[in-house]
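Hi there,

Here is the structure I promised to send over. Have a look at it first, and my notes follow below.

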Amino acid sequence: MTSTGRKHAEEHRSGPAGEVREIAVVGAGVMGSQIAMVCALAGYSTSLVDLSDELLDGARDALQSRMDRDVSRGRRARDDVDRAMERLRLSTDRATAVSECDFVIEAAAESLEVKRRIFEDLDRETPRRTILATNSSNIVSSQLADSTTRPDRVLNLHFFNPALVMECVEVVPHDGTAETVVDTSMELVRSLGKSGVRLRREIPGFVANRILGAIRREALELHDAGVADVEDIDRAARTALRHPMGPFELMDLVGIDVVHLIRLAEFEQTGDEGALPHPAVRRLYEAGHFGRKTGRGWYTYDDS
Ligand code: CAA
């Protein structure tokens with residue numbers, strides 16, 4: 001193996017990271033549930049927490065059918081999947097689920113108020129050693145850290161959609177995050193078989209979403225100006241740039257609601273009117289066309 005090949009293999013080794021044994025993910029939406037599955041597949045005892053059994057049942061069904069599909073396509077072994085499913089506990093009782101865990105990843109609604117309340121509660125419910133991370137890409141952890149008594153153990157750990165597939169995880173400390181907490185988080189990311197991108201300082205959107213935002217803005221402007229249709233702009237990104245998806249297809253995958261709320265959060269943080277959601281995105285949001293999850297966004301999807 002070449003040294004580059006070896007480095008790559010080491011970076012992507014899988015299995016529990018030193019001081020982290022038990023993980024809890026708060027929020028069983030598409031992101032939270034897939035992040036929890038990634039943790040369970042990597043060998044961690046994992047809890048996935050949300051407010052209702054209905055939400056948790058929906059998450060379990062979606063994960064089970066993803067896993068069954070992976071097994072039937074020969075991508076995963078049935079034993080590995082079954083063991084991971086056993087390691088994954090779903091619960092509406094957050095206080096009990098997090099009471100022994102070493103690392104919490106919050107993936108709840110993209111609202112500062114909601115997240116601050118969750119962090120305040122988690123601070124009471126978890127042991128002092130527990131690292132509290134948010135999966136948010138726009139609400140930076142310095143906005144949450146002071147709702148806890150352990151600001152040095154708070155940071156952003158940002159996964160990409162679909163989390164089961166995408167390799168990148170951005171690790172973003174705020175000024176007061178302890179260096180050891182960043183190191184443990186990077187080690188955790190490696191142990192999940194992911195590739196960690198460590199930011200030197202906070203900035204809303206971080207690195208990947210800021211690059212993506214520039215592409216998305218340009219695509220929306222080209223569309224507005226009547227230069228090309230949605231399908232053709234997407235086709236250009238796929239076939240000329242080899243992006244796996246065009247910018248409009250990607251908005252539908254991530255969710256028009258998520259795209260819209262991320263822009264609003266950025267506007268609220270910066271006061272920059274340029275950060276406001278694009279009018280066409282706002283129109284889809286207001287019509288409840290959130291993309292794949294509602295069957296309609298830039299494109300229309302049938303149930304199958
Ligand atoms: N969840 C889990 N796994 C999925 C998936 C999903 N939603 N969609 C696809 N996959 C997996 C499946 O294993 C699938 O194979 P099967 O259909 O046989 O089960 C495999 O990926 C290949 O999928 P497809 O053949 O349907 O299509 P593809 O080869 O184009 O891959 C993709 C799908 C991985 C989503 C790929 O198109 C891709 O990488 N797209 C870009 C995704 C991206 O840019 N994500 C970042 C978004 S930004 C973000 O997330 C940040 C934020 O803060 C909002």
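**Surface charge and aromatic pairs**

Aspartate 61 is exposed, with a relative accessibility of 52% (exposed means over 50% relative accessible area, buried under 20% and partly exposed in between, with a 1.4 Å probe and protein chains only). Please keep in mind that this is a predicted model, in which local features need pLDDT of at least 70, side-chain atom pairs count only at pLDDT 80 or more, and totals for chains, interfaces and linings use all residues. Residues are numbered from 1 along each chain as its sequence is written, and side-chain values use heavy atoms, leaving out hydrogens and water.

Aspartate 61 sits in helix H3, residues 53-72 (helices are DSSP runs of H or I with at least four residues, numbered from the N terminus). On the surface, Asp61 joins Asp53, Glu54 and Asp57 in a patch of negative charge (patch residues have over 30% relative accessible area and no salt bridge, and like charges are joined within 9 Å; a salt bridge is a side-chain nitrogen of Lys or Arg within 4 Å of a carboxyl oxygen of Asp or Glu).

Now for the rings: there are 2 aromatic pairs (ring centres of Phe, Tyr and Trp, the last by its six-membered ring, within 6.5 Å; planes under 30 degrees apart are stacked, over 60 edge-to-face, the rest tilted). Phenylalanine 248 and tryptophan 298 pair edge-to-face, at 4.8 Å between centres and 75 degrees between planes. Phenylalanine 248 belongs to helix H11 (247-254) and tryptophan 298 to the segment after helix H13 (279-286), so their pairing ties together parts 50 residues apart in sequence. Tyrosine 285 and phenylalanine 290 are stacked, with 5.5 Å between centres and 20 degrees between planes.

Best wishes

Definitions and conventions
Helix = DSSP H or I, 4+ residues; strand = E, 2+ residues; numbered from the N terminus. Patch = residues over 30% accessible without salt bridge, like charges linked within 9 Å, V, L, I, M, F, W, Y side chains within 5 Å. Areas by Shrake-Rupley, 256 points an atom, 1.4 Å probe, with all protein chains shown as cover. Lys, Arg positive; Asp, Glu negative; His and termini not counted. Charge placed at Lys NZ, Arg CZ, Asp CG, Glu CD.
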